[in-house]
Amino acid sequence: MSAQPFDVEPTTLPGFTPWPEEFAARYRALGYWSGVGLYQRLAQVAAQYPERTALVCGERRWSYAYFDEQVRRFAAGLARIGIGRRDRVLLQLPNLAEHYVACHALFRLGALPVFALPAHRRAEIGYFVEHARIRACVIADRDGGFDFRDLMREVRAAQPCLREVIVVGEAQEFTAFDSLLDEPIEQALPDASEVAFLQLSGGSTGVPKLIPRTHDDYFYSVRASAEICGLGPDCVYLCALPAAHNFPMSSPGALGVFHAGGCVVLARQADPESCFALIARERVTWTALVPSLALAWLESRALARYDLSSLRTIQIGGAHLAGDIARRIPATFGCRLQQVFGMAEGLVNYTRDDDPEHVVLSTQGRPISAHDEIRVVDDEDNDVADGEVGHLLTRGPYTIRGYYRADAHNARAFTADGFYRTGDRVRRLASGHLIVEGRAKDQINRGGEKIAAEEVESHLLEHPAVFDAALVAMPDRWLGEKSCAFVVLRPRADDAPPMAPRDLQRFLRERGIAAYKVPDRVELVDALPYTAVGKADKKALRARFASPVAAISQSPI
Ligand code: OOB
């Protein structure tokens, strides 16, 4: 029997897999894990550069002193309504300054933001609320024609653990964000070894996975990224991707810019015209894009109308970057290209400013840290030689050792000695640079947005007329990949109405999944091909797109 009384707090968040002590001690001894928390760093920078501009959001222009004050006010308000250490709070905000206020206030309190994307709907949000026992959500009233308060009403009706809904804008029956901007109070900061937040995984299984990142590990990756990218107080960063995504948050992203004392300019929309106007107005020096967005910018007719000469670097990551697009970026924008290959689970690779041009154009960079351990292995986990394609495994000072509350999945997603199986297929060059050749995980990368095939298939199988379903990637000029569901219907009774592909798409939308997960195309087929081990043969299904004449009987929907 345990000698400890019941109410002793566990030393770490239940459901979090810590690094083994020998690794933690090593990362501390190296100075990687500095003991500085994510809010603490903002406070330091605010003390150093109180007058500098930290954030530009629409017509709002906040100094570091003002930003920090907003954070301390909101933290006081959250504490007043009972949010405290280790409580989970879901953030689902568009690119608004309040996103950074809310997450830093939670970092200050030791409460954990859970970063949802604006595209998520009832199915995803309901699952996160239930799985992470979320106590409060911070949302915008409306965005892009969608009312997030309606979504919260539905979620709250099903999830009694969700007690507070905090709304930026018109709160209606909920709590207004501004009403929580109390007088700042003294608050004890959490220990930097604690979990700071839960980030979402792209996933490849039936339900999304949550990624626990600690203050120590995340701040190390932010600091080291800012250094690799040479960020200083003069940098002006345009956040065009969703602010909650790991790439614009920490690679080096907004947190890297705040660490360096620079300025983050928030773009509400990522379209070329809005972003070009902001780049010209704010003299933006840095931005991060996914390849599909870079292509849209390159092809935009607005290009000639704006002065983009302040741009120093465009980072591209999140999905495969075709060689011709890579070449057009420096040529068109007159700035540097940096390739970024990262994952919310940890490992981030960058091409460096002093890499030869062909390396920048044709590789996805090399790891941040000398202590990022990289293995490239065959199907039996044997290491392959440099230059050969294999599965990428990694562990290191900022790569997680397990997903949050996912023991069964963790046993498959990590090796016994703690390497994360990324699901990516790569080649490593002798220089340490990695080239992403493809992936083994059952995922569609739709313009950088990750879709777990099994998640969508299980929704499809909930339809009474569906007998079998397989979701695969199909090539797309703009997004790189789109999704196609091959569906086998059950035999239909004579009097039943015929089922059309669009009925299934509507069915998925009504189940409340994010729009980007709804298959772009649905193909009704008599049977799916199967492999010898009894799984749907997705390779064979994907091959149907290889030749334009071979496969598609039906025009796109
Ligand atoms: C980033 O993070 P996630 O968690 O949305 O997605 C990670 C996955 C990787 O495992 C890989 O499959 C793919 O996205 N990916 C790339 C890539 N960068 C990411 N595939 C090919 N080329 C690349 N450059 O996407 C992310 C996180 C931090 C920084 C940058 C991207």
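In this predicted model, the shell around the ligand is made up of eight nonpolar, eleven polar and three charged residues. Altogether 22 residues surround the ligand, and strand E16 (336-343) contributes to this shell. The protein chain, of 557 residues, has a radius of gyration of 23 Å, which agrees with the value near 24 Å for a compact globule of that length. The points below cover the ligand shell, the overall form of the chain, the annotated domain and two sheets.

**Ligand shell**

- The closest of the surrounding residues are Phe247, Gly317, Gly342, Met343 and Ala344.
- Strand E16 provides the largest share of the shell, with five residues.
- Helix H8 (246-250), E16, E21 and E22 are the elements that each supply at least two residues of the shell.

**Overall form of the chain**

- The secondary structure of the protein chain consists of 17 helices and 27 strands.
- Along the principal axes, the C-alpha atoms occupy a box of roughly 70 × 60 × 55 Å.
- Of the 557 residues in the protein chain, 48% are buried.

**Annotated domain**

- An unreviewed UniProt entry places the feature "domain: AMP-dependent synthetase/ligase" at residues 43-404.
- Over residues 43-404, helix accounts for 33% of the chain and strand for 25%.
- The C-alpha atoms at the two ends of the stretch 43-404 lie 29 Å apart.

**Four-stranded sheet**

- Strands E19, E20, E21 and E22 form an open sheet in the order E19-E20-E21-E22, with antiparallel pairing.
- Strand E19 (373-377) and strand E22 (434-439) each have a single partner strand, so one side of each has no neighbour in the sheet.
- From one strand to the next, the twist averages 45 degrees.
- E19 pairs with E20 in the antiparallel sense through five bridges, and Arg375 stands opposite Leu393 in E20.
- Strand E20 (residues 389-395) is mostly covered, as six of its seven residues are buried.
- E20 and E21 also run antiparallel and are joined by five bridges; Val389 has Arg427 in E21 as its bridge partner.
- Five bridges link strand E21 (residues 420-428) to E22 in the antiparallel sense.
- Arg427 also has a bridge partner in E22, namely Ile435, in addition to its pairing with Val389.
- E21 and E22 thus belong both to this sheet and to the set of elements that each supply at least two residues of the ligand shell.

**Nine-stranded sheet**

- A further open sheet contains nine strands in the order E2-E1-E13-E12-E14-E15-E16-E17-E18, and its pairing is mixed.
- The edges of the nine-stranded sheet are strand E2 (60-63) and strand E18 (366-367), each of which pairs on one side only.
- Strand E12 (residues 236-239) and strand E13 (residues 263-266) run parallel and are joined by four bridges.
- Within this pair, Cys239 has Leu266 in E13 as its bridge partner.
- E16, the source of the largest share of the ligand shell, lies between E15 and E17 in the order of this sheet.

How values were computed. Residues numbered from 1 in each chain as written. Predicted model: local features only at pLDDT ≥ 70, side-chain atom pairs only at ≥ 80, totals over all residues. Pairing = 2+ DSSP bridges. Axes fitted to C-alpha atoms, helices over the stretch in contact; angles between N-to-C directions. Near = placed C-beta within 6 Å. Nonpolar A, V, L, I, M, F, W, Y, C, P; charged D, E, K, R; others polar. UniProt positions renumbered as here; feature names shortened; annotations may be inferred. Rg over C-alpha atoms; globule rule 2.2 N^0.38 Å. Buried ≥ 20, exposed ≤ 12 C-beta atoms within 10 Å, placed from the backbone.
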